[in-house]
Amino acid sequence: MVIVAGDDEGGGGGREEVRELGSGEELLVVERRQAGEVVERKGSWTHVAFHVATTIATPAAYAPLPFALASLGWSLGVCSLVSATLASWYSSLLLASLWEWNGKKHFTYQQLAESIFGSWGYWSVAFCQQVASLGNNIAIQIAAGSSLKAIYKYYHEDGKLTLQHFIAFFGAFELILSQLPDIHSLRWVNGICTFSTIGFAGTTIGIAIYDGKKTDRKTISYDLQGSTASKLFSGFFALGTIAFSFGDAMLPEIQNTAREPAKKNMYKGVSAAYGVIVLTYWLLAFWGYWAFGSDVQSYILSSLTGPKWTIIMANTFAVIQILGCFQIYCRPSYAYFEHRLTRKSNGQTKTSLVRLMLTSIYMGLITLIAAAVPFFGDFVSICGAIGFTPLDFIFPAVAFLRAGKLPQDVKLRLVVILFNIAIATWFSIVAVLGCIGSIKFIANDIKTYKFFHDL
């Protein structure tokens, strides 16, 4: 049985119907303009914080941040990271405030976009969400496979298993988790993942400081590497990486799990999650760059040389956290196709069977791509540029202005308008530059490596 969220009054055009099937089993058929995560809204603000922190603060998101700083230098790198953090937090609060902007609840990001911008908003968000979802899950599956391989190599130094084996193992476990019905059912998984985020950051920061102190500091350089053109493309690439690190294309779907008052619980949950993000992102980025300088790797765990058991611990935390993040991002795809197939069969197909079929296809596709093209950093940057930047920075700022949710005070209104326009403009530029840098790096990697390369 599927549990439906809340009442139907103001439910974003929703219509609910319960049908009795032959054996007395109940099927709840939910017809909405867009398939959304259908859950009972009883999540507290702490559950919201778990979901948001798990979605954003994955090791795959902030492990590349020292490398991003190395591509920009201390001044520009720190400014970019701090400003992106504040802009992302502000944009998340804007998006949460719009969930019921016209008196109707909007259960998915696509519904919200359609209510403000019409059909083009719906399809634009749908495209960006799918790019973000697919790109993110490919990137973090590569990261999880790399961490599992590192653990394996610690115990079996001459082992024959490759990165592709561990990507497949991770995919198989995610297929099992994919049978859980909705985002709310993942709340305790994501609670564990949030603590794993803190554990990963703390362990990695500690090892980085340990490595940095035992290294001759005179050998560490913070100069930008390469030719002028190389520095330029690396800088573009870094901007896309930073945008990816704040990726959360699922805020309205997460808000749909929060109990009333949903808006207040969302504000508290988002702010609590960003407290975790500031502690983990900033400290790891700054200490990681300090420890290794310009030689830091795109996935910082590859740079660590401290005690082996601590590196194993960091990799273990990374895998646990990625388990939950992966699930959050695959849910829009699951919900949409599951809804469509159930409707076409007029309720004659069991939801669990449809879910098993869809999740098997999805996981097979993601696992195949991740194994074939295991270029972690490339997916991070292009996914951030094309998928997350529009959803996390540009759309919230523009949508807030379009919805007319402005303060009454004239001076404050002018400040809000100018600030939102500045955010939308700057991050539109970031999206373009990040995309250019990502394409350049992908082209270089394709020339260097073969498909299914064991990195």
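Here are some questions and answers about this protein, which is a predicted model.

Q: How many helices and strands make up the secondary structure of the protein?
A: Have a look at the ribbon and count the two kinds of element. The tally comes to 2 strands and 15 helices.

Q: What percentage of the residues in the protein is buried?
A: A residue counts as buried when its relative accessible area is under 20%. The protein has 455 residues to sort that way, and the buried share comes to 56%.

Q: What share of the contacts with a separation of 6 or more is between residues 24 or more positions apart?
A: Start with the contacts in the protein that have a separation of 6 or more, then keep those between residues 24 or more positions apart. That leaves 83%.

Q: Is Cys79 buried or exposed?
A: The cut-off for exposed is over 50% relative accessible area. Cys79 has 51%, so the label is exposed.

Q: Is Cys435 buried or exposed?
A: Here the cut-off to use is under 20%, the one for buried. Cys435 has a relative accessibility of 18%, so this cysteine is buried. By the way, searching the whole structure for disulfides turns up 0.

Q: Are helix α5 and helix α6 roughly parallel or roughly antiparallel?
A: Helix α5 covers residues 109-117 and helix α6 covers residues 119-155; their axes come within 6 Å and cross at roughly 150 degrees. Angles over 145 degrees count as roughly antiparallel. So α5 and α6 are roughly antiparallel.

Q: Which residues of α5 meet residues in α6?
A: α5 passes α6 in a right-handed crossing. On the α6 side, the residues involved include Trp120, Tyr122 and Gln129. On the α5 side, they are Tyr109, Gln110, Ala113, Glu114 and Phe117.

Q: Is Gln141 buried or exposed?
A: You'll find Gln141 in helix α6. Leaving aside neighbours within four places in sequence, Gln141 has contacts that include Ile167, Phe170, Phe326 and Met363. Its relative accessibility is 0%, so Gln141 is buried.

Q: What distance separates the C-alpha atoms of Gln141 and Ile369?
A: Along the chain, Gln141 and Ile369 are 228 residues apart. In the fold, though, their C-alpha atoms are separated by 9.9 Å.

Q: Which residue does a cis peptide bond join to Glu260?
A: Check the omega angle of this bond, which is about -5 degrees. The partner lies in the loop between α10 (251-255) and α11 (262-292). The residue joined to Glu260 is Pro261.

Technical notes. Residues numbered from 1 in each chain as written. Predicted model: local features only at pLDDT ≥ 70, side-chain atom pairs only at ≥ 80, totals over all residues. Heavy atoms only, no water. Helix = DSSP H or I, 4+ residues; strand = E, 2+ residues; numbered from the N terminus. Buried < 20%, exposed > 50% of the residue type's maximum accessible area, 1.4 Å probe, protein only. Contact = heavy atoms within 4.5 Å. Disulfide = S-S within 2.5 Å. Axes fitted to C-alpha atoms, helices over the stretch in contact; angles between N-to-C directions. Parallel < 35°, antiparallel > 145°, perpendicular 65-115°, else oblique. Left-handed = near helix turned anticlockwise from the far one by under 90°.
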